[in-house]
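Work through the exercises below with the sequence and the model open. Try each task before reading its solution.

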Amino acid sequence: MLFCPVCKEEGINGKVALKLHVYEQHGMGEVFRCEDCSFQTPSKTAFTRHADACPATVAANKFRCPHCDKVFKSKAGLNLHVKLHVGGQGVRKASIEISILLEII
Ligand SMILES: [Zn+2]
Ligand SMILES: [Zn+2]
Ligand SMILES: [Zn+2]
């Protein structure tokens, strides 16, 4: 258990909870800020979640596929899509290998 260095409140369960407490109760501490909008949070998890779905980031077309220029609402969506490009090539190669094998047989 941790205690708040500002108000000396005790029983704070973990560093993240302490950060949240200091930020919410006293308005200070380490803060993650979104580059594209006014969103800010002391929680890295919450920030990552926001960064994936920030409307301003989406408006700036930040999640654009480098292979086909398709634009995505979230980083997770783009990552999945990019895997299709990479995975697709793998599948094609595998099927070519299989057809060569069939010719030999
Ligand atoms: Zn406090
Ligand atoms: Zn944002
Ligand atoms: Zn693509």
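**Exercise 1. In which loop is F39 found?** Then give its exposure and its contacts.

Solution. F39 sits in the loop between β1 (32–33) and β2 (40–41). Helices (H or I, at least four residues) and strands (E, at least two) are DSSP runs, numbered from the N terminus. Next, exposure. A residue is buried if 20 or more other C-beta atoms lie within 10 Å of its own, exposed if 12 or fewer, and partly exposed in between; C-beta atoms are placed from the backbone. F39 has 17 other C-beta atoms within 10 Å, so it is partly exposed. Then contacts. Two residues are in contact if their C-beta atoms, placed from the backbone, lie within 7 Å. Neighbours within four places in sequence aside, F39 contacts C34, H50 and C54. Finish with a distance: the C-alpha atoms of F39 and H50 are 8.1 Å apart, at a separation of eleven residues in sequence.

**Exercise 2. State what kind of model this is, and how confident it is.**

Solution. The model is predicted: local features need pLDDT of at least 70, side-chain atom pairs count only at pLDDT 80 or more, and totals for chains, interfaces and linings use all residues. Residues are numbered from 1 along each chain as its sequence is written, while chains are lettered from A and ligands numbered from 1 in the order in which they are written. pLDDT is the predictor's confidence in each residue, from 0 to 100. Its mean over the chain is 80, and 82% of the residues reach 70 or more. Helix α2 (residues 44–53) has the highest confidence, at a mean of 87. Helix α4 (residues 75–104) has the lowest, at 70. Where pLDDT is low, the predicted coordinates should not be read in detail.

**Exercise 3. Lay out the elements of the chain and check helix α1.**

Solution. Count the elements: four helices and two strands. Read from the N terminus, the order is α-β-β-α-α-α. Now take α1, residues 15–26, with twelve residues. The expected span is 1.5 Å times one less than the number of residues. For α1 that is 16 Å, and the helix reaches 16 Å from first C-alpha to last. Just after α1, G27 has a positive phi of about 65°.

**Exercise 4. Locate two positive phi values in residues other than glycine.**

Solution. Start with K8, whose phi is near 65°. K8 belongs to the segment before α1. It has 7 other C-beta atoms within 10 Å, so K8 is exposed. Go on to D69, where phi is also near 65°. D69 is in the loop between α3 (55–59) and α4. It has 8 C-beta neighbours inside 10 Å and therefore counts as exposed.

**Exercise 5. Trace the surroundings of D52 and F63.**

Solution. D52 is in helix α2. It is partly exposed, because 18 other C-beta atoms lie within 10 Å. Residues up to four places away not counted, D52 touches S74, K75 and A76. The C-alpha atoms of D52 and S74 are 4.8 Å apart, with their positions 22 residues apart along the chain. F63 lies in the loop between α3 and α4. It has 19 other C-beta atoms within 10 Å, so F63 is partly exposed. Beyond four places in sequence, its contacts include V58, V71 and F72. S74 and K75 are also among the contacts of F63. C-alpha to C-alpha, F63 and D52 are 9.1 Å apart.

**Exercise 6. How much of the chain is buried?**

Solution. Of its 105 residues, 3% count as buried.
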